[in-house]
Structure formats: structure tokens, C-alpha cells
Amino acid sequence: MLARRALASAQSACHRCVSRTRALTTSPLLSRQVGKSNKPWDASSSQRKGPNSFRNDARPGDRRPPFRPFRQFREPEQMTAEHFRPKPPPKATQVARLLIERLPEWAHSDRALKALAVYGIAPDISKRIATTWFKLAKKGLGTATTEDEALTALAAGGWDAPDLIAALHEDTFAQALESSALRHYLTYALTTPHLTPVQKSHISLILDTTDISRIAYTEYTTARAVKRHFHLHIGPTNSGKTYNALKALSHARSGAYAGPLRLLAHEVWERMNLGSVGGLDGKGRSCNLITGEERRIVDPDSGLLSCTVEMLPLGGLDGEPFDVVVIDEIQMLGDANRGGSWAKAVLGTAAKEIHLCGDETTVELLRGMITSLGDTLTIHEYNRLTPLLVGDASIENDYSRIEDGDCVVTFSRSSIFNLKKEIESQGKKCAVVYGALPPETRAEQAKDFNDENGLCKVLVASDAVGMGLNLKIKRIIFEALSKFNGKEQVPLSLMQVKQIAGRAGRFKTGADKNIATPDEAPAAGGYATTLKPADLPVLRTVLDWKLPSIARAKMDIPTSSLIELAALLPASLTYGDLVKHFSALAKLPPSTVVTDPFNKLAIADVIEPYRQFLSIGEIDLFSFAPLSSRDEKAKEVFRNLVDDYVTLGCVTVESIYSTTDLLPTLDDVLETLQTLPPLSETAIPGLLKNSKKVPPLIINALPKLETLHKSLVLYIWLSLRLEVSFPDRLVAQEWKTKCEAALEECLQRLPGLKMKKGAVDVAGKAWEKKAEAERVEEGVEWVSGAEYQKTKKARIWKDVALLEEGEGVKKRLDSGK
């Protein structure tokens with residue numbers, strides 16, 4: 001570490017941080033009176049200079065084009081049923097043929113030679129070994145003509161046939177070939193005379209370190225000591241599977257709910273405490289909450305916990321295994337990015353009874369994983385509680401045919417706002433739900449839609465509606481059956497179509513008290529239809545198809561193993577290359593594959609300039625942070641954050657935003673919203689007529705507010721893991737709450753505003769000047785409906801304490817240990 005980490009320097013840095021923290025708690029943003037403005041975050045005057053001039057790429061203000069929610073959206077490609085038909089599984093003979101064709105090319109490629117050089121094998125030696133290796137590998141494969149012969153030849157040659165067949169089916173054969181060939185090659189090289197004893201010993205250590213095939217026995221010894229009984233609840237959306245699993249949890253002495261979303265974990269926590277889970281009959285049980293960004297302790301001695309999957313304490317509570325654990329959306333173990341957390345939970349959770357809830361795609365995969373560990377499995381199958389019907393006709397692009405309780409699903413933010421504008425022109429106010437919105441804002445929008453007395457009668461949503469919210473949707477309307485993936489228009493997956501359509505007919509029970517909940521028993525059925533007539537027969541056809549099975553679970557690379565491998569490879573290797581080498585060499589448990597490292601590697605690239613000052617463990621922690629690698633503004637904040645962590649050892653909220661205009665934007669939005677009269681609680685049609693009065697800033701600020709919220713969540717996430725270095729958690733939480741309120745009210749005031757190109761800033765300033773003059777004279781303080789509702793709701797849990805400094809210091813909360 002740097003000399004700056006000496007004790008005196010560290011104490012000085014922390015003293016400065018405490019002083020700044022105290023100043024921020026009374027900052028103008030947090031205690032602003034109308035008419036008073038003091039903006040300390042002048043992006044244009046702030047420059048960052050880290051050690052050795054690390055920060056020489058600070059961007060001035062935001063140069064992104066203005067956000068135009070009503071731009072003309074892309075015309076989606078017309079899909080046919082064949083676009084959704086699952087591919088037939090490939091044959092072992094295909095795999096054998098591809099190995100024969102591609103192994104020589106791989107062995108002599110620059111990529112392979114560079115990788116082997118990292119392990120100490122010179123290119124000329126590599127080529128000599130490759131000649132004899134390929135002859136041996138080809139033996140038997142070339143003569144196999146039947147499936148049985150090909151499977152036998154692959155097994156005899158040391159190839160993992162099921163893994164290669166699954167990779168070919170998933171269109172990831174190139175990566176699987178490289179990984180299998182590299183380990184196969186090195187294993188063969190150990191038997192040749194071309195390597196010295198020292199080289200052989202070194203390569204053997206590399207192969208042993210990357211062999212995590214027995215991780216269930218080496219890492220999760222507590223779980224292996226428990227006789228576990230798994231209950232697999234499988235069924236479509238709206239079948240009551242999670243309801244029954246939670247019922248079992250509600251009667252347990254100790255237990256946990258582990259869900260895919262912070263929103264779901266929060267809802268189950270709330271329902272347990274209120275007693276609205278089936279079987280509690282209104283008699284609440286104390287339940288604590290732990291997510292990546294939040295900890296709420298109702299009773300320190302409570303045996304019940306609600307959490308996100310990543311935060312599930314695998315070893316149980318207080319050294320004792322759980323009685324019951326519920327793991328929701330178990331099909332997520334096949335997710336390319338997050339699936340490793342579900343696989344870890346299945347392998348490592350120490351609990352006597354584990355309830356897994358999901359669809360039928362996981363049955364065979366889980367049967368193999370669970371029985372191989374010596375655990376027992378009981379499968380509970382569910383049918384949908386009420387019918388899901390496909391409409392007799394589409395709405396034929398006629399927005400006047402959209403009814404109360406409809407949800408129109410589209411797949412881009414621009415399309416969402418275009419549809420919102422069109423539907424509201426018919427006099428029906430819309431709520432919106434899409435992935436970039438904070439979970440809290442999505443929940444507020446959902447509650448307004450669910451409330452019979454709410455303003456919003458129609459929901460316009462992205463595929464984010466498919467998970468995490470229980471909504472009063474009578475009819476799902478697909479705007480299209482395809483979406484743009486950043487490169488081309490692609491069909492939705494069959495699972496997405498079924499999951500989205502299945503949201504129709506999910507009504508909450510009277511006991512739910514307006515709380516969005518997972519898989520409650522509904523009171524009525526639902527319908528699904530399409531916007532365009534041509535899509536309707538396709539939808540009707542594919543909804544009857546069975547979902548294809550998930551062949552492989554995803555596995556995360558253990559940090560401890562990564563650290564061991566780093567000690568065996570050249571120190572000059574970047575962290576990203578280290579991860580790539582481990583992924584290529586990894587020997588995994590059966591039916592598993594390494595999670596996609598794309599987002600992790602993109603984050604690692606931001607951290608790389610600071611590599612010499614950070615440990616592998618610190619880099620690994622930062623690379624798991626909740627950050628979108630595609631959001632350049634969020635990456636800039638993250639770069640500032642890492643810079644302060646390295647140079648000061650102490651990170652404040654004010655400092656990480658010094659090169660951006662995110663906080664000034666929130667400041668401006670809050671001031672502008674205070675100049676507006678309160679939203680009407682009854683009037684709907686008049687909104688569009690008065691849309692000319694909505695300041696342009698309200699529209700243009702949405703993407704920046706979304707980025708600000710994500711980066712504040714990132715700070716809070718790190719503050720719960722590195723408490724000493726991130727002391728501004730309370731400040732970040734207060735700004736986060738204000739950001740959520742601003743987003744909520746911006747969305748409510750959004751409809752129908754037309755912006756002229758290049759006139760956004762001018763119009764915004766003119767509006768602010770006029771509104772400021774009117775407001776100061778009147779002396780009226782408006783309180784937004786969103787702010788009032790949040791304050792009112794906060795009073796419900798006045799006895800709930802936030803877990804603050806002093807617990808979990810310097811401990812990976814998502815380690816499960």
C-alpha cells in the first residue's frame with residue numbers, strides 16, 4: 001500500500017470526512033427553504049487529480065443529447081411462431097466433428113499461444129506438444145458415426161460431452177471449446193517430456209487451483225453436515241407456489257426468504273411483520289430485512305429474515321442451520337449474470353427444509369444437483385389458479401380500445417413514453433414501470449395503478465413487469481413480440497412471453513392492504529392480446545408451448561480461488577485477464593458453467609489504473625458492485641469513488657459527484673417542483689390540456705435522476721461493506737429518498753409535452769424565472785403527494801431501527817459466512 005496509508009495520514013483523512021459529513025447533513029439540498037439556493041456542486045469548476053495524475057480524463061458537464069421520450073420509436077420486425085420455436089438439441093456426432101475441425105486451428109492460434117506462454121510454455125514448445133496432442137485427441141472421434149459411438153469416444157478422450165452439447169445448443173460453443181481444449185491440452189502436456197519438472201509442478205498447481213468441481217464439499221461444509229430436504233414448487237405465474245412456500249416459512253422457528261429483487265424482499269419482510277402471509281391470520285411475526293443496500297432490524301433476536309439471494313446467510317443464524325428457507329424464482333440459476341447466487345444457495349444453504357419456487361424449466365437440473373449431494377427432493381406441481389385466455393382479437397392499433405386495468409408492454413423507454421402519450425390522449429392516465437426506474441418508484445407507480453381510487457387506470461411497462469410486482473392487471477397487451485438488443489431486433493424468449501402474459505389476472509387479496517406481493521391467490525382470470533393483428537395468432541400459438549429445460553446452472557468464481565491463481569501467474573496480468581484465465585481453465589461441478597463476466601470485466605477496466613494500490617479482494621468486491629457498465633455517467637461517478645478510496649481512504653458523497661451535474665440537476669428539479677401547484681387527486685383529462693405548463697426540465701432530467709439514484713445505491717451498497725471508508729451513508733440515503741420523490745412526481749407530470757430541438761435549456765430557464773417570481777410573492781409552500789405518502793408510510797415502522805456502524809465491519813455481507 002502507499003505511504004499515504006500511514007496512520008497519521010489516515011486519521012487526517014477520516015477527520016476531514018467527518019467534518020464534511022456534518023456539513024452535508026445541513027446542506028442546502030437537504031434543508032432548503034423555497035427561494036434559497038446554494039449549489040456547492042459546480043461541475044464546471046471542479047477538477048480531479050489523483051496520485052500520479054490518475055484522474056486526467058474528468059469530463060466537464062453532461063454532454064449527452066437531451067432526453068426525448070416521445071421520439072419516433074423503431075418499427076419492430078414482424079415475428080412468426082417459428083421465431084419462438086426451441087431449437088432441437090445438437091448431437092454428440094456434431095460435437096465430435098467440430099472438435100476435429102477446430103482443435104488444430106485453436107492450438108496454433110495466437111490467442112492459445114499467448115495463454116500458454118502465461119503458464120510458462122514457450123510458443124515453439126507449445127506447437128510441438130500440439131502436434132502429438134491433436135493426434136491423440138482425434139483418435140476415436142473421427143471414426144464415430146452413431147450417437148453412442150460419439151458419446152463413448154468423447155468420454156474416452158476426456159471430453160465433457162454433456163457440457164459441450166449444452167454449449168452448442170446455447171450458441172456458446174466457441175468459449176466452451178477454448179476452455180475444454182485449454183485444460184485438456186495442459187493435462188496432456190504434463191505427460192510429455194517437453195516440460196521440465198519445475199514447469200510440470202507449476203502447471204499442476206494452476207490446474208488444481210482452478211478445479212472447483214468439489215466446491216460443494218470444500219466451501220460449504222456446514223450445509224454438508226445437515227440432512228436437507230428440498231421442496232421444489234413448480235408452476236406457471238399465478239399458481240400459488242410462492243404462497244404455499246411462504247406459509248411453511250411463517251410457521252418455522254427460524255428461517256429466511258431469499259428473493260431476486262430488493263423490492264420482493266422488502267414486501268415479504270413487511271407482510272411477515274404485519275401478519276398478511278397465509279397462515280399468520282393477521283398476527284405478525286418479527287422479521288428482519290437484509291438487502292445489498294438496506295438493513296432493517298425489527299428484533300435482534302428474531303429467527304426470521306427476508307433478504308435478496310446474494311445476501312442469504314448460507315450458514316444459518318448464530319451458527320445454527322435454518323429450519324426453513326424459501327428461495328424464490330429458482331429458474332434464475334440459469335441467468336447469465338446473476339445465476340451464480342442461486343447455484344451457491346442450492347449448494348451451500350444450511351437448512352433442514354429448503355423450498356425452491358419457479359417454473360418447470362429447472363426440474364431435471366435441480367434433480368441432478370440435489371440428489372448428487374445426498375439430499376432428498378420432493379416436487380410439488382401447480383396449475384394456474386385461474387384461466388389465462390388469449391383475446392379473440394387484437395386492439396388493432398386503436399388506443400381508444402384500451403380499458404381500465406390494461407397493461408401495455410413494450411421494450412424501450414422511448415416506446416413507453418410514446419404509448420403513454422397516445423393512451424393519455426384518450427383520457428386515461430398511465431402509470432409506467434421499466435427497468436431503469438428505482439424499485440421504490442416502480443412500487444409507487446404500481447400502487448397507484450392497483451388502487452381503485454388512484455389516478456392511473458392503465459399501466460405501460462417494459463418486460464420489468466414480469467417479476468417483482470403483483471399488479472391488478474386484467475389484460476396484457478403486447479405492443480410487439482420482439483425487442484432491440486442493441487444490435488438487432490430479436491424475438492422475446494418463450495419464457496419472457498409466458499411470464500409477461502401470466503401477469504394478467506393477478507389480483508391481490510383483501511388482506512394485502514395495497515402491498516404488492518409475490519404469487520398471491522387471485523380473484524379473477526386474465527387475458528392477453530396484442531396491439532397489432534398479425535401478432536395475435538403467434539401469441540396464441542406460443543403460449544401453449546412447453547418451456548425448454550435449463551441445461552446448466554451458472555457458477556461464480558470464488559474470490560479465494562482467484563487470489564490463489566493470481567499468485568501463480570505473472571504480476572503484470574490485469575485483473576480482467578486474470579478472470580478470463582480462471583474462466584477458461586475452470587473445472588466445474590457437473591451441469592454448471594461460469595457466469596458471464598461481461599459486466600464484471602467492464603467495471604474492472606475502470607478499476608485497473610488503481611490496480612497496484614488495491615488487493616484482489618478489494619477489486620473483486622468493487623467489480624461485484626451494482627453498477628451498469630453501459631451508463632457512462634454512472635461509471636464516471638464510480639471512477640471518482642475509486643479514486644477517493646485509493647488516494648484518501650475515505651469517500652464522501654459530495655466528492656464523488658464533483659465532476660458531474662447529477663446533484664445540481666436534482667437540486668434544480670426539486671426547486672422546480674416546489675413552484676408547481678399540487679397534483680390534482682381527481683382530474684385526469686385536463687392533464688394533457690395543461691401539458692404546456694410543465695417545465696421542460698421535468699422531462700429532460702429523468703435519465704440523470706435515474707443515474708443519480710443508481711449511483712447513490714452504489715454508495716450505500718459499499719458503505720455496508722466498507723463502513724469506515726464510506727461514512728456518508730445517511731446523507732446518501734436522504735438524497736436517495738429525495739431522488740425517488742422527484743422521479744415519482746416527474747413521472748406524474750410528464751404527459752404529452754412536445755419539446756423543440758435545442759430549446760430545452762432556454763425554455764427551462766424562462767419557466768423557472770417566471771415561476772420563482774410568482775412563488776416568492778405568494779409565500780406558499782407546496783408539499784408533493786409523493787413526499788407526503790412517503791412520510792406517512794415511514795411512521796408505520798417508527799420502531800424499526802436501521803443497523804448502522806459497528807456491525808459487519810470489513811466483512812463481505814454476501815459471502816454467506
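What follows is a chat between a trainee and a mentor about a predicted model.

Trainee: Let's start wide. How many helices and strands are there in the protein?

Mentor: You'll find 32 helices and 19 strands. Of the 817 residues, 55% are buried.

Trainee: How much accessible surface does the protein have?

Mentor: About 35,200 Å², and carbon and sulfur atoms own 53% of that.

Trainee: Now a single residue. Why is S341 called buried?

Mentor: Buried means under 20% relative accessible area. S341 comes in at 10%, so it counts as buried. It's found in helix α14, which covers residues 339–348. Beyond its neighbours up to four places away in sequence, S341 touches V309, E310 and D556.

Trainee: And R338, why is that one called partly exposed?

Mentor: Partly exposed is the band between buried, under 20%, and exposed, over 50%. R338 has 25%, so it falls in that band. R338 is found in the loop between β6 (322–327) and α14.

Trainee: What makes R338 and E310 a polar contact?

Mentor: The cut-off is a pair of N or O atoms within 3.5 Å, one able to donate a hydrogen and the other to accept it. The side chains of R338 and E310 are joined at 3.0 Å, so the pair is inside that limit. Leaving aside neighbours within four places in sequence, R338 is in contact with P260, E310 and M332.

Trainee: How far apart are R338 and T595, in sequence and in space?

Mentor: They're 257 residues apart in sequence, yet 7.3 Å apart in space, C-alpha to C-alpha.

Trainee: What about H581: buried or exposed?

Mentor: Buried. Its relative accessible area is 11%, and the cut-off is under 20%, so the label fits. H581 has its place in helix α21, residues 575–585.

Trainee: Which side chain makes a polar contact with the side chain of H581?

Mentor: That of Y119, at 2.6 Å. Y119 also appears among the contacts of H581 outside its four-place neighbourhood, along with A115, V118, L569 and L573.

Trainee: Let's do N238 and N397. What is the phi of each?

Mentor: N238 has a positive phi of about 70° although it isn't a glycine. N397 has a positive phi too, about 60°, and isn't a glycine either.

Trainee: How do you know which of the two is buried and which is partly exposed?

Mentor: Set each value against the 20% and 50% limits. N238 has 0%, so it's buried. N397 has 40%, so it's partly exposed. As for where they are, N238 is found in the loop between β1 (229–234) and α12 (241–250), and N397 lies in the loop between β9 (388–390) and β10 (406–409).

Trainee: On to rings. How many aromatic pairs does the structure hold?

Mentor: Eight. One of them is F417 with Y434, centres 6.0 Å apart and planes at 75°.

Trainee: Why is the pair of F417 and Y434 called edge-to-face?

Mentor: Rings pair if their centres lie within 6.5 Å, and planes over 60 degrees apart count as edge-to-face. With 6.0 Å and 75°, both tests are met, so edge-to-face it is. F417 is in helix α16 and Y434 in the loop between β11 and α17, so the pair ties together parts 17 residues apart in sequence. Both F417 and Y434 are buried.

Trainee: What makes F622 and F638 edge-to-face?

Mentor: Their centres are 6.2 Å apart and their planes at 75°, so they pass the 6.5 Å and 60 degree tests. F622 sits in helix α23 and F638 in helix α24, 16 residues apart. Both F622 and F638 are buried. Ring pairs also link F622 and F638 with Y645, Y715 and F726 into a cluster.

Trainee: How do you know R721 lies over the ring of W717?

Mentor: The charge must be within 6 Å of the ring centre and within 35 degrees of the ring normal. R721 lies over the face of W717 at 3.8 Å. The charged end of R224 also sits over a ring, that of Y217, 5.9 Å from its centre.

Trainee: Which residues touch the most other members in the largest nonpolar core?

Mentor: W133, L186 and L641, out of 172 residues. Contacts of L641 include F622, Y715 and F726. A second, separate core has 38 residues, among them F84 and W545.

Note on methods:
Residues are numbered from 1 along each chain as its sequence is written. This is a predicted model: local features need pLDDT of at least 70, side-chain atom pairs count only at pLDDT 80 or more; totals for chains, interfaces and linings use all residues. Side-chain values use heavy atoms; hydrogens and water are left out. Helices (H or I, at least four residues) and strands (E, at least two) are DSSP runs, numbered from the N terminus. Buried means under 20% relative accessible area, exposed over 50%, partly exposed in between (1.4 Å probe, protein chains only). Contact means heavy atoms within 4.5 Å. Rings of Phe, Tyr and Trp (its six-membered ring) pair if their centres lie within 6.5 Å; planes under 30 degrees apart count as stacked, over 60 as edge-to-face and the rest as tilted. A nonpolar core is a set of buried Ala, Val, Leu, Ile, Met, Phe, Trp, Tyr and Cys residues joined through side-chain atoms within 4.5 Å. Accessible areas come from the Shrake-Rupley method with a 1.4 Å probe; for residues, only the protein chains shown count as cover.
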